[in-house]
Amino acid sequence: MTQQEFESIWYDSKDYVVCHTSGSTGKPKEIRLSKEFMRCSARRTNEFFGIDESSRLHTCLDFKYIASMMMTVRAEEAECELTSEHPSSRPLSEVEKDERIDLLSLVPAQMEWILDSNERWTGIRTILIGGSPIPSIIRHRIVLSGYNVWESYGMTETASHIALRKVDGNGAGFKTLKGITVDASEEGCLIIHMPDGKILTTNDIAEVTSPDEFRILGRADHTIISGGIKISPEDLERSLGHFIAFDYCISSVPDRKWGEKLVLVVESSGGNIDEELLRASVEVRLRQYRKNLDLGVKSPKEVIIMSSLPRTSKGAVDRTTLKRLLHEEKSE
């Protein structure tokens, strides 16, 4: 969907917009968001980032996703300029390096390309990243880059983000936007209380440190039970990020002793790297990791090399497909 196509929907006579969830936990669902609900979300973001009539917003994402839809609403609420481009893995190809952008919307893979670029976009004031968690290695590079980058937490049902945190290396949790509070269910999943009274229980396991601050540890449906202990692969990957400099994922295979055995799956970039050398390098790093962090059962027991990790349409690792492939291979 293009910017113009969404604008025709936004300015029609209906008081709602039909959206689709990301499908990260199954088949995408169709939902209706009231336009007033979306406007309230836009006002919160504009207030947080200081967006006004003099600002310019720019999105590199498809307008079928809530992230770009909300950029339109933010621009309307602030009465400011919104520009967009055809979504690609190489964003800003037609944007001059010193061209002013006050709020730029990206996903992690697009941010990685910007970091890989030999030149710096000096006109960008703030970058907003969403769609999926930022991998550790990209997070470290952002901190060193000097870009003003914010990571968002939210979903289609909340009309984009409900909380933000700056990517600055301080390790702070997400802070909710004005009027939004959080707590956790008995199972440890994040519960969001919206200003209009709507309550949403997520599938994300969270450490809630206050009604307006939290950390996401992983997804409940991604939990691996090994040796009777529940392990969040996402949480483990964050601790591994300081040791492994390749694209990787924590998953599991069936095991008689452990029930599920933790494995470290590393992407070999389509076979362009010698797999044995890659495995040896990762094994050295893994031994260093085990020495520095004595986590017992939470340490991966095996390194598996794959030419490419299965991914979702947004570029995140498709953990469900990966686990199925690994279990099928083990059972053969």
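## Exercises on a predicted model

In this predicted model, the backbone oxygen of I180 lies 2.8 Å from a polar atom of the T176 side chain.

**Exercise 1.** Determine whether T176 is buried or exposed, and describe its surroundings.

*Solution.* Begin with the location: T176 belongs to strand 9, which covers residues 174–176. Next, take the accessibility. The relative accessible area of T176 is 13%, and the limit for a buried residue is under 20%; T176 is therefore buried. Finally, list the neighbours. Leaving aside residues up to four places away in sequence, T176 touches I162, A163, V182, P211, D212 and F214.

**Exercise 2.** Establish how strand 16 and strand 17 pair, and what joins them.

*Solution.* Strand 16 comprises residues 248–255, and six of its eight residues are buried. Its pairing with strand 17 (residues 259–267) is antiparallel and extends over eight bridges. For one bridge position, V253 has K261 in strand 17 as its partner. The connection between strand 16 and strand 17 is a hairpin of three residues.

**Exercise 3.** Characterise the second largest pocket by its volume and its lining.

*Solution.* The volume of the second largest pocket is about 800 Å³. Its lining consists of 30 residues, of which I216, L217, D235, R238 and S239 are the closest to the centre. Sorting the lining by residue class gives eleven nonpolar, nine polar and ten charged residues. Assigning the lining to elements then shows that at least two residues each come from helix 5 (136–145), strand 8 (160–166), strand 13 (213–219), strand 15 (229–231) and helix 6 (233–240).

Note on methods
Residues numbered from 1 in each chain as written. Predicted model: local features only at pLDDT ≥ 70, side-chain atom pairs only at ≥ 80, totals over all residues. Heavy atoms only, no water. 1 Å grid on protein atoms, 1.4 Å probe; cavity = no way out; pocket = protein on both sides within 12 Å on 5 of 7 lines; lining within 4 Å. Points joined across faces, edges and corners; volume = space filled by probe spheres on them. Helix = DSSP H or I, 4+ residues; strand = E, 2+ residues; numbered from the N terminus. Nonpolar A, V, L, I, M, F, W, Y, C, P; charged D, E, K, R; others polar. Buried < 20%, exposed > 50% of the residue type's maximum accessible area, 1.4 Å probe, protein only. Polar contact = N/O pair within 3.5 Å; in protein donor to acceptor, adjacent residues only side chain to side chain. Contact = heavy atoms within 4.5 Å. Pairing = 2+ DSSP bridges.
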